[in-house]
Amino acid sequence: MDVQFQQLAYFLAVAETRHFTRAAELSRVAQPSLSKQIRNLEEELGASLFSRARGNITLTPAGEALLPLAQRIVTDMETARREVQELAGMRRGRLRLGATPSLCAGLIAEALAGYHDRFPGIELQVEESGSRDLIRALGHGELDLALIILPLQSSDPAFVTTPILRENLVVVHAAGDAPPTDRATMRITDLRDRPLVMFRHGYDVREATLYACRSAGFEPRLAVEGGEMDAVLRFVEAGLGIAVVPSMVLKNRPGLRGIPLSQPRLLRTIALAHRKDVDPSHTAKAFRRHLMAYLTQLTREEVGEDLEVIAALRP
């Protein structure tokens, strides 16, 4: 049997329109050619697929039986064609990814390295900034994807966000200094009257810290403020004060020690975001798949005690 894909596509067009001429127009082929292919298909199958009584086109029992099979075959073929085209397109292209500094210094650097190894022809453009700035850049079309902190500070519903990680915030101090407490954890109130190194405006950690302190009834004492992530960590290492930071930034920082916060715990949820009104590019979709695979394969030792993978992405 030599049934061709195009014959099934023509069959579906006629089944949808119930009209050979309109089906030919829909398929962008001459009507005699379409009719010939339908006849060839009927000969191959040994049964009539359409009843043509008095100009009315209806499916025969054989046509009814073929319809769901043909739909599945054509859909599968179109899916395969699209995936192959996207894979071919991955030989070149661009991925514009936004991420917070803590992520750039941690998990995302390793995920991007694996993505680059797999797709070396893709140009990687990474924007490192606070979550609010990233959302603004994403909304302006300057990024394809952004790893941001939930909840969004904007009420704009134009973004699709998928939670992937949940992380504890910790208090860090210089390894050579005495710890700010002799307990295993610190309370927010333990930060009262202690010199804090604070991030610049636009960092979600800054806002979370200030909110927690004010909710506890005090205004924190800022020793230094306005820094980016690396600067804040260096200031703490130099003994200028303590800071509240994401736990993941302590990796490969022997000059720092972290103490978990409790009463209350400060948590942040990291999500992958894209614009709702723009279909992600093939490079962005490939990174989503790669990131999902990367996160779900991490071991407990690699993730650490203060980080939880909650990835709900779909390939």
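Me: Which residues touch the most other members of the largest nonpolar core?
Reply: This is a predicted model: local features need pLDDT of at least 70, side-chain atom pairs count only at pLDDT 80 or more, and totals for chains, interfaces and linings use all residues. Residues are numbered from 1 along each chain as its sequence is written, and side-chain values use heavy atoms, with hydrogens and water left out. A nonpolar core is a set of buried Ala, Val, Leu, Ile, Met, Phe, Trp, Tyr and Cys residues joined through side-chain atoms within 4.5 Å, where buried means under 20% relative accessible area, exposed over 50% and partly exposed in between (1.4 Å probe, protein chains only). The largest core has 60 residues, and those touching the most other members are Leu-147, Leu-191 and Leu-291.

Me: Which helix gives the most to this core?
Reply: Helices (H or I, at least four residues) and strands (E, at least two) are DSSP runs, numbered from the N terminus. The helix that gives the most to this core covers residues 282–296 and supplies seven residues; its name is α10.

Me: From which domains does this core draw at least three residues each?
Reply: Domain bounds come from an automatic or database domain assignment, which divides the chain into domain 1 (5–70), domain 2 (85–164 + 268–309) and domain 3 (166–267). The core draws at least three residues from each of two of these, domain 2 and domain 3.

Me: What distance separates the centres of domain 1 and domain 3?
Reply: Domain 1 spans 5–70 and domain 3 spans 166–267. With each centre taken over C-alpha atoms, the separation is 70 Å.

Me: What is the volume of the largest cavity?
Reply: On a 1 Å grid over the protein atoms alone, a cavity is a set of points where a 1.4 Å probe fits but cannot get out, while a pocket is an open set with protein on both sides within 12 Å along at least five of seven lines; lining residues have an atom within 4 Å of a point. Grid points are joined across faces, edges and corners, and a volume is the space filled by probe spheres set on the points. The structure holds one cavity of 30 Å³ or more. The volume of the largest cavity is about 30 Å³.

Me: Which elements give two or more residues to the lining of the largest cavity?
Reply: The lining is made up of Thr-100, Pro-101, Ser-102, Tyr-203, Asp-204, Val-205, Met-229, Pro-246 and Arg-268. The elements giving two or more residues to the lining of the largest cavity are α5 (101–104) and α8.

Me: Which residues of α8 are buried?
Reply: Helix α8 covers residues 204–215 and has 12 residues. Just after α8, Gly-217 takes a positive phi of about 95 degrees. In the helix α8 itself, the buried residues are Asp-204, Val-205, Arg-206, Thr-209, Leu-210, Ala-212 and Cys-213.

Me: Which residues are the closest to the centre of the second largest pocket?
Reply: About 310 Å³ of space lies in the second largest pocket. It is lined by 17 residues, and the closest to its centre are Ser-247, Met-248, Lys-251, Val-303 and Gly-304.

Me: Between which domains does the second largest pocket lie?
Reply: In its lining, the largest share, three residues, comes from β11. Two domains give residues to the lining of the second largest pocket, so it lies between domain 2 and domain 3.

Me: Which residue does a cis peptide bond join to Leu-150?
Reply: Most residues other than glycine have a negative phi, and most peptide bonds are trans. Here, omega is about 0 degrees for the bond between Leu-150 and the residue it is joined to, Pro-151.

Me: Is Arg-28 buried or exposed?
Reply: Arg-28 lies in the loop between α2 and α3 (31–45). Arg-28 has a positive phi of about 60 degrees although it is not a glycine. Its relative accessibility is 82%, so Arg-28 counts as exposed.

Me: How far apart in space are Tyr-115 and Tyr-294, C-alpha to C-alpha?
Reply: Tyr-115 sits in helix α6 and is buried, with a relative accessible area of 0%. Tyr-115 and Tyr-294 are 179 residues apart in sequence, and their C-alpha to C-alpha distance in space is 9.6 Å.

How values were computed:
The expected span of a helix is 1.5 Å times one less than its number of residues.
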